[in-house]
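Visitor: I am new to this structure and should be grateful for a close look at one enclosed space and the parts around it.

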Amino acid sequence: MSEALINKYFRPGRLPHIWCPGCGNGIITGAIVKAIDKQGLAKDDVAIISGIGCSSRASGYLDFNTANTLHGRALPIASGLKMGNPKLHVIVVTGDGDASAIGGNHLIHAARRNIDLTVVMYNNSIYGMTGGQYSPMTPHGAKATTAPYGNVERAFDIPELVKASGATFVGRGTTFHTLQLIDLIAQGIAHKGFSFIEVVSACPISFGRQNKMGGPAKMLEWQRDHGVMKAAWDKMTAEQRAGKFPIGVLYEDNNTQEYTEAYDELIKRAQGGK
Ligand code: SF4
């Protein structure tokens with residue numbers, strides 16, 4: 001990232017960050033900043049709300065309206081903020097454990113409401129900060145400190161979960177496909193409604209070590225070799241898809257009313273006595 005972007009969007013007093021060498025969190029946070037810059041948004045018009053976990057530290061490093069909140073509770077706080085000031089662009093920074101485990105109920109209901117938030121879920125496939133326990137996004141069979149013989153649970157297909165819950169923009173990117181990731185986040189911010197972007201990331205220190213992934217560069221190569229552009233994915237057979245995942249815009253619906261707009265109409269109706 002250029003020095004100009006760092007000086008403009010990061011809080012100098014909070015750097016250097018605490019993320020491990022080779023972690024994907026910096027790539028995703030950089031992509032969020034570049035997407036905001038690409039959209040030409042004023043810093044005062046953006047809020048970054050996070051929960052708890054490695055990725056949620058990002059809100060402290062970024063120089064916008066920010067709040068590092070409670071574990072799994074970024075979405076209700078972000079929803080309240082958006083209701084109070086619908087003009088704000090509210091971006092939620094969350095990890096896979098934060099969003100899909102303790103915050104899972106908030107996730108499905110925020111999606112159901114189609115409230116205009118942009119959720120960027122850093123998916124490192126594990127609870128990194130708290131000691132490498134498996135999360136609802138840890139792949140079946142993968143190792144974690146709480147699954148030393150392999151995870152017997154199946155991971156969520158999180159894009160399908162949020163789509164079924166009512167999200168109107170769903171995308172998936174990786175920390176290898178960085179230009180596409182910037183574009184995806186920018187599209188999510190521009191979309192009027194609940195946007196969810198899963199980012200397949202690398203946690204070389206916890207998930208990578210326990211699963212012998214071979215270090216940060218090898219983990220990026222894994223993303224390159226397993227992420228398939230949506231257009232190509234749509235033409236693949238079930239055998240060709242095995243073990244891989246689609247990336248890009250997975251779902252978009254521009255015809256469903258956004259929540260704060262619907263609520264505003266309700267207020268006007270109530271004030272008019274109807
Ligand atoms: Fe990144 Fe994993 Fe280290 Fe957390 S534990 S900062 S996710 S490498």
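Visitor: What volume does the second largest cavity have?

Guide: The second largest cavity has a volume of about 60 Å³. The model is predicted: local features require pLDDT of at least 70, side-chain atom pairs count only at pLDDT 80 or more, and totals for chains, interfaces and linings use all residues. Residues are numbered from 1 along each chain as its sequence is written, and side-chain values use heavy atoms, with hydrogens and water left out.

A cavity is a set of points, on a 1 Å grid over the protein atoms alone, where a 1.4 Å probe fits but cannot get out; a pocket is an open set with protein on both sides within 12 Å along at least five of seven lines; and a lining residue has an atom within 4 Å of a point. Grid points are joined across faces, edges and corners, and the volume is the space filled by probe spheres set on the points.

The lining of the second largest cavity is made up of Gly72, Arg73, Ala74, Leu75, Val92, Thr94, Asp98, Ala99 and Gly103. At least two of its residues come from each of helix H4 (74-84), S3 and H5; helices (H or I, at least four residues) and strands (E, at least two) are DSSP runs numbered from the N terminus. Sorted by class, the lining holds four nonpolar, three polar and two charged residues. Here Ala, Val, Leu, Ile, Met, Phe, Trp, Tyr, Cys and Pro count as nonpolar, Asp, Glu, Lys and Arg as charged, and the others, Gly among them, as polar.

This cavity has company, for the count comes to three cavities of 30 Å³ or more. The largest cavity has a volume of about 180 Å³. It is lined by 17 residues, of which Ile52, Gly53, Cys54, Ile126 and Gly128 are the closest to its centre. Helix H5 (residues 96-102) gives the most to this lining, with three residues. Six nonpolar, nine polar and two charged residues make up the lining of the largest cavity.

Cys54 and Gly128 also belong to the group around the ligand, which further includes Trp19, Cys20, Cys23, Asn124, Cys203, Pro204 and Ile205; each has a heavy atom within 4 Å of the ligand. That shell divides into seven nonpolar and two polar residues, with no charged residue.

Among the open spaces, the largest pocket holds about 770 Å³. It is lined by 31 residues, and those closest to its centre are Phe156, Arg172, Glu198, Lys244 and Phe245. By class, 18 residues of this lining are nonpolar, six are polar and seven are charged.

Strand S3 (89-95), one of the elements beside the second largest cavity, also contributes to the largest nonpolar core, as do H1 (3-9), H2 (25-39), S1 (46-50), H3 (58-61), S4 (117-123), H8 (178-190) and S6, each with at least two residues. A nonpolar core is a set of buried Ala, Val, Leu, Ile, Met, Phe, Trp, Tyr and Cys residues joined through side-chain atoms within 4.5 Å. Buried means under 20% relative accessible area, exposed over 50%, and partly exposed in between (1.4 Å probe, protein chains only). This core has 31 residues, and Ile32, Ile36, Ile48, Ile91, Val120 and Ile185 have the most contacts inside it. Apart from it lies another core, of 23 residues, including Ala47, Leu117, Val119 and Val170. In soluble globular proteins, nonpolar side chains tend to be buried together.

Helix H2 also holds Thr29, which is buried at a relative accessible area of 1%. Beyond its neighbours within four places in sequence, Thr29 is in contact (heavy atoms within 4.5 Å) with Phe10, Trp19, Ala58, Leu62 and Tyr122. Leu62 also lies 5.8 Å from Arg11, C-alpha to C-alpha, although the two are 51 residues apart in sequence. Arg11 is in the loop between H1 and H2 and is partly exposed, with a relative accessible area of 22%. The loop between H1 and H2 also holds Pro16, joined to Leu15 by a cis peptide bond with omega of about 5°.

Two residues that are not glycines have a positive phi: Asn114, at about 55°, and Ser125, at about 70°. Asn114 sits in the loop between helix H6 (104-113) and S4 and is buried, at 2% relative accessible area. Ser125 is in the loop between S4 and H7 and, at 12% relative accessibility, also counts as buried.
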